[in-house]
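Thanks for making the time this morning. I would like to walk you through one structure, beginning with a single strand and then stepping back to the whole chain.

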Amino acid sequence: MDKSVYPPLSFDQKSEFDALKMHFLSMNSTPMMSLFDEDPARFSQFTLSAAGLNLDYSKNRINGETISLLCELAESSGIQAAIGDMFAGVAINKSENRPALHTALRNFSDEPVLVSGKDVMPEIKQTLNRMRNFCWAIRIQQWRGFSNKPFTDVVSIGIGGSFLGPKLASEALKPYWSRKINCHYLSNIDGSDLTETLQGLNPETTLFIIQSKSFNTQETLKNANACRDWFLENGGCEVELARHFSAVTANVDKAMAFGIAEKNIFPMWDWVGGRYSLWSAIGLPLMLTVGYENFRQMLEGAYEMDMHFKNAPLEQNMPVLMGLLGVWYVNFFDAQSHAILPYDHYLRGLPSHIQQLDMESNGKSVDMYGRKINYQAGPIIWGGVGSNGQHAYHQLLHQGTQFAPCDFILPLMSHNAVGDFHALLVSNCLSQSQALMQGKTYEQAEAELRAEGKSADEISVLAPQKVIPGNRPSNTIYFDKTTPKTVGALIALYEHKVFVQGKIWGVNSFDQWGVELGKQLGHKVHDALKGCESNEAEFDSSTQGLIQAFRAMKDKL
C-alpha cells in the first residue's frame, strides 16, 4: 500500500452518513404497515428482477428517500469504481496484493482478464475443459478403479471454502445428480466424521479428491492420509493410488509425492479466495455428480448476476441494494445479526455457506488503512431451512429483544410435487414475512382472549405476552425453481452483496488474518498434546490445564 496516499474519511465521518442519521429519526418511528397503506403500489416499487431471481424488498423500513440516501453513501464510497476494479483484475485485496477474480472463473464474454499483464482466461478455459474430460471419463465408466469396477462414490476432502460452497451446490442440485455416482464431503478433523464417511464405501469404487491450495492444510492432509491408509488397507496398493486419488492444489510436487498423477492435479490460483472457489476446479465433485452441462449452467447463472452487478445503476442493482439495506440495519438500527431462511430442503446448506462468505470476509475491526473502526461491521449470519425454524428460533425473531433482519429464499415450484406440500410451504414462508411486519397489538391480543372467555385478571397477565411488536424487516428472494442457473445466480448475489458492504465499511473482504492465527497456535498446542518438548510456560494456565487433562485421559487408555 502506498503510504503517501492520505486515507479517505471513514464512512461514518461523511456528510452522506449524517444525512442518513437524520433520516433514520423519522423512519425509526414509521410503521411499515402505514407505508403500505399510503402506497398501494409499494410492492411493484420495491421489487427487482435479475438473472432469474426476484427480490421483494418492500417489507423494509425504507421509502424512496432512504434508497436515494443509501445510494449516495455508496457513491461516496467509490463503489462503482471498486466494482470495475474487481472485474478488471486490479489488486483489490490490498493486504496480500492480489486481485479477487472469482468472476473470471465464470466469464463467458470474449474479453480478456489481465493479472500482472497476463490474460488468465486461456488457463481458466483450459482448466474447465480438463475438468470436463476428467468427469466425462468417470461418468461414462471409461476410467475405473483398480479392480476394473466403475466408480460409484466420490469423496471430496477439504475444509472451509473447499467444503461449504461445493457441499451447498451439491445439495441444492440433488435433482440433477447422476444415479451412478454419490458425492460425500469430508472436512472435520474428527475421527467420527472420517468413520461415518468411509463406512459403507467400497475402496474398489471410491474416488478421492484432495482440495488444498498448499497441500498442507492440517485438517485436509490428516483426512487425506487417513483415506490413503484406508485404501491401502482394504485391497488397494501404492501403484493404484493414481487411479483413486486426484487433487486441486497449487503444490503440484507435494500432491505427486502423495501418489497422485500429474494429469489428475488441477490448479488453484492466488487470485481466487477459498470461499469464492466453488466456480474453479474445487467444483469437481459437483461436476462429477451433476455433469458438465449443469455445472456450466450454474456458471452462466453466476455470470448473468455478475453482468447485472457490473452494469445496473445503483438504485436498480440487486447486490448493491441488499448490501445497502444491511448497512442501514447494522449501522442505524444496531442490528447484530442477519438470518438466512431458505424455504427449500435442497437449499438447506445456504446459511452455512453465506455465514462463512460474510463473516470471514467482513468480520473485521480494522480498515484497509490500518485504522481501528468505531462502528459495527459484519453481522452474525445464521439461519436454517423453513419451516423447521418456525418451531424454534422464529420465536426470537417475532418477540425477542434482538433485532434481526431476515432473507426468505423461496422457489415457486418444487422438484417433488407431493400433494399440496409446496403450497403449504409457500404459505408458511409468506405468512412469516407478513407476521414479522404486521405483528399483533395489545388490543388484538385482548380481543382474542376475551373471545376465548378469559377473565379480566387473566387478560391483564396474558395479553402483554401475546403482543408481537411487528415492524421487523425482511427480504424475499423468489424464483421459478431451484435450477443450476438460479443456484449460481443466488450464490453470486451474496458474494457481491458482501463486497458492497465491505467497500462501504472500508474493510478488506478478501483476507482472513484471524483464521491464520488459530492455525499458527494450533501447531504448538498439538505438539504439547502429543508430549513433544515444548515451552509450556508460553501457554496460559487455562490452556496448560486443558492440555494436562487431555494427556491424563490419554494415559488411562
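**Strand β13 and its surroundings**

Let me start with β13, where Ser-474, Thr-476 and Tyr-478 point one way while Asn-475, Ile-477 and Phe-479 point the other way, and where all of these residues are buried. Please keep in mind throughout that this is a predicted model. The strand covers residues 474–479, and it is mostly covered, with 6 of its 6 residues counted as buried.

Which strands pair with β13? One of them is β2, residues 53–56, which pairs with β13 in the antiparallel sense over 3 bridges, and in this pairing Leu-55 stands opposite Ile-477. Another is β12, residues 406–411, which runs parallel to β13 and is joined to it by 6 bridges; here Cys-406 has Ser-474 as its bridge partner.

Now to the chain as a whole, which has 22 helices and 13 strands. Because a compact globule of 557 residues would have a radius of gyration near 24 Å, the 26 Å of this chain agrees with that expectation. Its C-alpha atoms fill a box of roughly 80 × 65 × 60 Å along the principal axes, and 52% of the 557 residues count as buried.

As for contacts, if we take those between residues at least 6 apart in sequence, 75% join residues at least 24 apart. Turning to the surface, the chain exposes about 24900 Å², of which carbon and sulfur atoms supply 51%. Finally, on charge, there are 48 positive and 59 negative charges, and their mean positions are 5 Å apart.

Note on methods
Residues numbered from 1 in each chain as written. Predicted model: local features only at pLDDT ≥ 70, side-chain atom pairs only at ≥ 80, totals over all residues. Heavy atoms only, no water. Helix = DSSP H or I, 4+ residues; strand = E, 2+ residues; numbered from the N terminus. Rg over C-alpha atoms; globule rule 2.2 N^0.38 Å. Buried < 20%, exposed > 50% of the residue type's maximum accessible area, 1.4 Å probe, protein only. Contact = heavy atoms within 4.5 Å. Areas by Shrake-Rupley, 256 points an atom, 1.4 Å probe, with all protein chains shown as cover. Lys, Arg positive; Asp, Glu negative; His and termini not counted. Charge placed at Lys NZ, Arg CZ, Asp CG, Glu CD. Pairing = 2+ DSSP bridges.
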